[in-house]
Amino acid sequence: MLQYGQKSFLIVDDFTDFRTSTRSMLRELGVRDVDTADSGEQALRMCAQKRYDFILQDFHLGDGKKNGQQVLEDLLLDKLISHECVFIMVTAESSQSIVLSAIEHEPDAYLTKPFNRLGLAQRLEKLVQRKTLLKPILQALDRGRPAEVLAACAELCKQDPRFAPLCLRYRADALRDLNRFDDLEKFLTNILASRPQPWVYAALGSLMHKRGQYEQAQGVYEQALKAFPIMPGLYDGLAEVLVAKGDNKRAQHMLEEAVRLSPLAVRRQAALGKLALDNEDYEGASKAYRHAVSQGQSSRYKSAESNLGLVQALMNKNAGNGLDARTRVEINTVLSEVAKENTEDQGLQVRARLMKAASLQQAGDAETAAKLTEQAMQRLDKMDQFFSVDAALTVARQLKELGQESAGTSILKGCVETYGDDPKVMQSVAKVTDDPSVLGAVTEAVDLNRQGVRSYQGGQLNEALEMFRKALSLQPKNISIALNTAQALLRIGGESPSESLMQECRNCLNRVAGIPASDNRFDRYRKLHVRVFGA
Amino acid sequence: MSRDEQGLDFSTVIASTVHDMKNSLSALIQAHDQWLARLPEQSRSGSEQGVMEHEFRHLNGMLVQLLGLYKLGINQLPICPDYHELEDFVEAQLAAQQEVIRHRDVLATWRIDTESPLGFFDRELVASVVANVLTNAIRYAGHTLLISVEEEGEQLVISVNDDGAGYPQRMIERQQDYVQGIDQQSGSTGLGLYFAARIAALHERNGVRGRIEIANGGALGGGLFRLYLP
């Protein structure tokens with residue numbers, strides 16, 4: 001039998017009886033260091049204080065509380081446990097329904113209640129053996145070095161090729177993190193040819209999606225759903241591809257299917273709400289957003305966007321009919337939550353107030369609506385952060401409806417300046433206005449930017465820089481152009497860029513410092529920022 | 001309003017009740033174990049104890065099966081196959097039944113005779129089948145039972161063999177009927193075979209589906225249950 005005397009254990013369960021009986025089983029196995037927690041929240045706090053070697057986590061910790069899967073996600077994403085820690089999910093009935101939601105982060109093992117001391121000892125011993133076998137891989141994972149993970153996998157497969165299948169997932173993740181996409185595709189395709197698993201399909205589908213190969217990605221997911229029709233994660237992937245292809249109706253249908261299988265998923269409910277809202281299914285949108293808001297209370301994926309989305313859906317559902325008392329109470333509750341919990345976020349403060357004003361107007365209280373709009377506009381003047389495209393369009397539309405047309409137009413102009421190089425954004429803007437001073441503002445700058453990109457790719461860096469500079473002088477807050485200019489400057493500056501060049505870089509980045517974290521260029525912005533400002 | 005709309009969906013009612021029953025039973029089993037641990041040595045054994053242990057496992061197995069059948073019925077029993085260490089899997093199945101095995105004084109052994117230490121299957125689903133078969137085998141075994149794992153061509157075969165009187169001849173002859181769910185009068189054993197066959201068939205590779213087989217004989221001469229996984 002293994003020696004557990006030096007090992008630390010954490011038992012997480014909301015039932016005292018269960019904690020006591022598990023603790024006494026562990027004591028009989030020679031364990032001395034046992035802590036207990038009665039909720040996921042407490043477990044997270046304890047793991048932040050102390051490194052545990054073993055965690056026995058009950059899955060269902062009561063309604064409205066974090067469940068075991070959420071605790072595991074938080075522990076891993078916040079790096080509160082090492083990959084060497086043995087994490088066992090304890091379940092009341094079979095783990096099937098949990099497996100459904102655990103395509104990304106899996107526990108080391110499931111243990112079904114009731115279990116006895118021998119059963120527990122047997123699982124622990126085997127898991128320790130496996131962790132020992134995989135130790136070099138797990139340590140490389142803790143260091144966050146995918147290249148070392150690959151090397152460790154190769155070493156293990158050489159030592160004992162019979163255990164190679166245990167490395168498959170580590171290797172796939174490492175290839176993905178190293179951006180070795182061609183190798184990854186070959187690797188995943190080979191696995192699918194012999195032993196298909198849901199995660200392999202999901203990884204291949206998302207790879208194709210990332211590369212813009214939407215047709216192939218769709219094919220992968222459809223094939224996957226034939227083999228594994230009850231895996232919600234695969235519906236999520238397919239829905240994302242369909243959105244990219246512009247087929248929002250079918251995407252919504254896919255997410256409805258996924259939600260039916262596994263309703264406890266904040267991000268899925270929020271995504272469904274957004275699609276339903278776009279598809280003008282306001283009943284469906286309110287329902288999904290309502291779930292996203294209530295489940296969000298205990299989740300790291302809580303988002304104010306769901307609160308705002310819910311209010312929008314409720315208003316649209318009752319368009320032309322005012323708002324009944326119950327709906328108004330709901331709107332008040334979810335909006336005041338946004339205002340209270342995001343005091344530092346100027347954008348959300350403005351949006352929550354305007355949303356409230358719009359709802360008051362719909363309910364027939366024009367006077368208060370006007371006052372609130374006034375307040376929101378004062379905050380808007382002082383705001384230096386950029387709205388995301390969706391947020392800007394909503395704010396502009398609401399301002400117009402609340403009688404502030406010129407403020408709305410200036411929001412649209414700002415949006416076009418920041419994002420106008422993207423034709424999809426221009427299409428969306430064109431849906432809310434036909435004002436030529438808004439729609440025509442970007443053409444020249446966008447042309448220059450495009451020529452600049454061509455020159456840059458052709459290696460004519462100085463020519464490219466000139467184009468970018470001209471474009472930026474026309475549209476100084478355009479994210480793409482500013483980032484392109486900064487990148488060209490750094491490339492020209494080489495190893496030891498001059499001070500004036502660095503200053504120009506800093507100016508470029510400062511202009512677009514309002515970039516929302518949700519923007520898909522945010523990573524690129526952060527990387528340039530680190531190079532230019534050193535942090 | 002029609003009668004249908006007013007009535008409850010009975011299968012959903014059963015499923016959610018079974019779910020609660022299973023929780024209840026878990027608490028009962030765990031409390032019972034703790035209570036036993038406090039008793040003096042001589043009061044811990046005895047045939048009543050054996051009956052309790054056995055019936056606990058039996059009840060638990062039936063409830064798991066019932067939930068599984070419900071999910072199969074509404075087409076919501078997902079399969080998520082992965083690589084599992086065979087030794088670990090078999091040991092865990094025996095460990096879960098340890099109390100019953102001890103009380104019945106059955107010698108339970110296992111043998112793994114495969115090239116790879118890993119098998120590819122849905123651990124949870126296959127475990128629920130093996131648990132039910134084991135409960136039966138322990139009940140009917142004389143002194144010994146054997147779990148063996150081997151390869152037959154491309155397939156993995158998990159067998160449970162005992163030294164009891166074996167399956168009734170009629171059951172062996174009619175096993176296809178049970179598997180297809182044709183004979184619904186056969187009680188829990190028949191239902192168990194149906195469930196096992198459905199689980200086996202969820203495992204598929206290149207058009208080949210898993211299956212089950214019952215016979216008498218094997219190394220120990222009694223009942224022999226075999227689960228084929230492609």
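# Exercises on a predicted two-chain model

Leaving aside neighbours within four places in sequence, A:D58 is in contact with A:V12, A:D13, A:D14, A:G68 and A:V90. The model is a predicted one, and the exercises below begin with this residue.

**Exercise 1.** Work out where A:D58 lies in the secondary structure, and decide whether A:D58 is buried or exposed.

*Solution.* Begin with the position: A:D58 is placed in strand β3 of chain A, which covers residues 54-58. Next, take the count of other C-beta atoms within 10 Å, which is 27 for A:D58. A residue is called buried when that count is 20 or more, and A:D58 is therefore buried. Finally, turn to the record, where an unreviewed UniProt entry places the feature "modified residue: 4-aspartylphosphate" at A:D58.

**Exercise 2.** Check whether the span of helix α16 of chain A agrees or disagrees with the expected one, and then find what its buried residues pack against.

*Solution.* The helix runs over residues 304-317 and has 14 residues, so at 1.5 Å a residue it should span 20 Å. The end C-alpha atoms of α16(A) are 20 Å apart, which agrees with the expectation. As to its surroundings, α16(A) is mostly covered, with twelve of its 14 residues buried; among them are A:A304, A:L308, A:V311 and A:M315. These buried residues pack against α14 (266-278), α15 (282-296), α17 (325-341) and α18 (346-363) of chain A.

**Exercise 3.** Decide whether A:E337 is buried, exposed or partly exposed.

*Solution.* A:E337 belongs to helix α17 of chain A. It has 17 other C-beta atoms within 10 Å, and because of this count A:E337 is classed as partly exposed. For a distance across the sequence, compare A:E337 with A:A352: the two are 15 residues apart in sequence, while their C-alpha atoms are 9.5 Å apart in space.

**Exercise 4.** Find which residues have the most contacts inside the largest nonpolar core.

*Solution.* The largest nonpolar core has 122 residues, and those with the most contacts inside it are A:I137, A:V149, A:L255, A:V311, A:A392, A:V395 and A:C415. Taking A:C415 as one case, and not counting residues up to four places away in sequence, we find that it touches A:F387, A:V389, A:A392 and A:V429. Apart from the largest core lies another, of 76 residues, among them A:M25, A:Y110, B:A200 and B:L224.

**Exercise 5.** Describe how many residues each chain brings to the contact between chain A and chain B, and which helix of chain A gives the largest share.

*Solution.* Chain A brings 28 residues to the contact and chain B brings 33 residues. On the side of chain A, the helices α1 (16-28), α4 (96-101) and α5 (117-133) each supply at least two residues. The largest share on that side, five residues, comes from α5(A). Sorted by class, the side of chain A that touches chain B has 13 nonpolar, eight polar and seven charged residues.

**Exercise 6.** State how far apart the domain centres lie in chain A and in chain B.

*Solution.* Chain A is divided into domain 1 (8-133) and domain 2 (443-533), and their C-alpha centres lie 48 Å apart. Chain B is assigned domain 1 (3-73) and domain 2 (82-229), with 21 Å between the centres taken over C-alpha atoms. In chain B, 13 residues of domain 1 are in contact with 14 residues of domain 2. The side of domain 1 of chain B that touches domain 2 divides into four nonpolar, seven polar and two charged residues.

Conventions: Residues numbered from 1 in each chain as written. Chains lettered and ligands numbered in written order. Predicted model: local features only at pLDDT ≥ 70, side-chain atom pairs only at ≥ 80, totals over all residues. Domains from an automatic or database assignment. Helix = DSSP H or I, 4+ residues; strand = E, 2+ residues; numbered from the N terminus. Expected span 1.5 Å × (residues − 1). Contact = placed C-beta atoms within 7 Å. Nonpolar A, V, L, I, M, F, W, Y, C, P; charged D, E, K, R; others polar. Core = buried A, V, L, I, M, F, W, Y, C linked by C-beta atoms within 7 Å. UniProt positions renumbered as here; feature names shortened; annotations may be inferred.
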